[in-house]
Amino acid sequence: MTVFTGSDLTCRRGERMVFARLAFTAGPGDAIMLRGRNGAGKSSLLRVMAGLLAPLHGQIFWQGEDIADDMAAHRARLQYLGHQDAVKPVLTVWDNLRLWAELRGIRDVDSEIDRALDALGILHLANTTGRFLSSGQKRRTALARILIGPAQLWLLDEPTVGLDRESSAGLAGLIEKFRGDGGTVIYSTHIDLDITGPKLLDLDEFAIPMMEWLAGAPDDVVPEEGPQAIETPDKEGVSA
Amino acid sequence: MNAFMAILRRDMRLALRQGADSVMVVAFFIVTTTLFPFGVGPEANILARIASGVIWVSALLAAMLSLERVFQTDYEDGTLELLTLSPVPLELVVLGKVATHWLTTGLPLIVAAPLMAVMLNMSTDGFGVLIVAMLIGTPTLSLIGAIGAALILGARRGGVLVSLLVLPLYIPVLIFGAGAVEAALLGMPVQAHLQIMGAILLLSLALAPFAAAHAVRQAVE
């Protein structure tokens, strides 16, 4: 059953066309790994999927409904991890997560935060203030945030940045568990995550030069069949 | 309401631990007010005559000092885009931040204002109205200021820019705030001034969260 789809997505950042006529489909339990050179638009696509950035063209659907029609419902179903960790240096790890639990209306905030910290292996850092955390610990704190509250969709932008090999393996385990529970994960990463059978979405195939776009001939330079660019490789085939 | 309190609690905790904002605002208010007697001379009658205007202008400038920080740190560390994506309406988040700004800026100014009034030889007849006018006017400053603070996100030299954006919008508050105190000192009715200030506050309360939230959404795109 397809749940999360995008069609004919075109994105422009400033004076640059990032990608054009991009399409994707994802169902419950699916993982899509975004790949492409620097600037190919992986982060932009994740932001478009989250609703942070409006596409120039195209639509994104959740169970057939355009997400733009009910952004509140879309925000409630997703967890997004960006480049930045959003960890306040003067607050403890626990206090940093408390806001997100409260905003999601979690009733038992204490146990929910403890569970998330335990899953990331940083329960012992709960009372440590943000300024004393290493970059990897900050990243794990940010990852703990996505475990707080129910979600159906994880959008993870370079989740492994700053993580050691052990932590990356732990993250892969969390992703697999989320998929096992019916969640959908879309992520970009430059290191190999041990995830079973992710679909690959290569954004280089959707690149379009701005001058050609301005010349009004996008049909000649972009792939006609966007969804065909999605392939499903073996696990060994997924690498940076 | 729980979400509003969550934002308020978190931001107040941040403000208290990061420290110096409130102290800096009050210190700026006191120093600025103190400069006027040096500029216009120590003549008691002149100082009493200009006291309400001086206090209000100094309060406007002091309130602007901390405006840049309303959204800036959250914008820089990625918190703001997560708040934009939270299930809570962004307008409620903005209101929480405005409330924090008022509690850390407006309220300390209201406490310090009578002291400055004494220093400027203002008659005690105006003290009550000064405090009431500031209780109505300073939340308006925070609400209008939030729009400017959101508009300058990502801009260089945001502090200067926010002044240019916000100061013209502060003029009605200045006119009616100082006017109310003047009226009280002259024994005239102050109700009309305060009612107009109340109307400006309600209008700001109705519009500013939406305008600021829209600007924040543009900034995090």
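Here are some worked exercises on a predicted model of two chains, A and B.

**Exercise 1. How far to trust the model**

Task: Find what pLDDT chain A and chain B average, and where in chain A pLDDT stays under 50.

Solution:
- Start with chain B: its average pLDDT is 93, and 100% of its residues score at least 70.
- Now take chain A, which averages 86, with 86% of the residues at 70 or above.
- Then look for the weak stretch: residues 225-240 of chain A stay under 50. The model still gives that stretch 29 contacts beyond four places in sequence.
- Finish with the scores for the model, which are ipTM 0.85 and pTM 0.87.

**Exercise 2. Describing chain B**

Task: Work out which elements make up chain B, and how its radius of gyration sits against the globule rule.

Solution:
- Count the elements: chain B has nine helices and zero strands. Read from the N terminus, that gives α-α-α-α-α-α-α-α-α.
- Next, the radius of gyration. For chain B it is 18 Å, close to the 17 Å that the globule rule gives for 221 residues, so chain B is as compact as a globular protein of that length.
- Add the dimensions: the C-alpha trace spans about 55 × 35 × 30 Å along its principal axes.
- Check the burial, too: 48% of the 221 residues in chain B are buried.
- Last, the contacts. Taking those between residues at least 6 apart in sequence, 82% join residues at least 24 apart.

**Exercise 3. Pairing in chain A**

Task: Lay out the open sheet of four strands in chain A, and say which strands are at its edges.

Solution:
- First get the overall tally for chain A: seven helices and 10 strands. Of its 240 residues, 43% are buried.
- The order in the open sheet is β2-β1-β4-β5, and the pairing is antiparallel.
- The edges are β2 (16-26) and β5 (65-66), each of which pairs on one side only.
- Zoom in on one pair: β1 (residues 4-13) and β2 of chain A are joined antiparallel over seven bridges. Within that pair, A:Leu9 has A:Leu22 as its bridge partner.
- Now move on to β6 (residues 78-81) of chain A. This strand runs parallel to β7 (residues 153-157) of chain A, with four bridges between them. Here A:Tyr80 stands opposite A:Leu155.
- Sort the side chains of β6(A) by direction: A:Leu78 and A:Tyr80 go one way, A:Gln79 and A:Leu81 the other, and all are buried.

**Exercise 4. Two positive phi values**

Task: A:Asp8 and A:Arg21 both call for a look at phi; decide whether each residue is buried, partly exposed or exposed.

Solution:
- Keep the background in mind: most residues other than glycine have a negative phi.
- A:Asp8 goes against that with a phi near 55°, and it lies in strand β1 of chain A.
- A:Arg21 also has a positive phi, of about 55°, and this residue lies in strand β2 of chain A.
- Apply the cut-off: a residue needs 20 or more other C-beta atoms within 10 Å to be buried, and 12 or fewer to be exposed.
- A:Asp8 has 13 such neighbours, so it is partly exposed. A:Arg21 has 21, so it counts as buried.

**Exercise 5. Where the chains meet, and the core**

Task: Describe the side of chain A that touches chain B, then find which residues touch the most other members of the largest nonpolar core.

Solution:
- Begin with the contact count: 18 residues of chain A meet 20 residues of chain B.
- On the chain A side, α2 (71-77) and α3 (93-103) are the elements that give two or more residues.
- By class, that side has 11 nonpolar, two polar and five charged residues.
- Turn to the largest nonpolar core, which has 137 residues; A:Leu155, B:Ala59 and B:Ala146 touch the most other members. The top contributor to this core is helix α7 (residues 127-151) of chain B, with 13 residues.
- Follow up one of those residues. Beyond four places in sequence, B:Ala146 contacts B:Val70, B:Val94, B:Lys97, B:Val98, B:Ala208 and B:Ala212.
- A:Leu155 should ring a bell: it is the residue opposite A:Tyr80 in the β6-β7 pair of chain A.

Key. Residues numbered from 1 in each chain as written. Chains lettered and ligands numbered in written order. Predicted model: local features only at pLDDT ≥ 70, side-chain atom pairs only at ≥ 80, totals over all residues. pLDDT = per-residue confidence, 0-100. Contact = placed C-beta atoms within 7 Å. Nonpolar A, V, L, I, M, F, W, Y, C, P; charged D, E, K, R; others polar. Core = buried A, V, L, I, M, F, W, Y, C linked by C-beta atoms within 7 Å. Rg over C-alpha atoms; globule rule 2.2 N^0.38 Å. Pairing = 2+ DSSP bridges.
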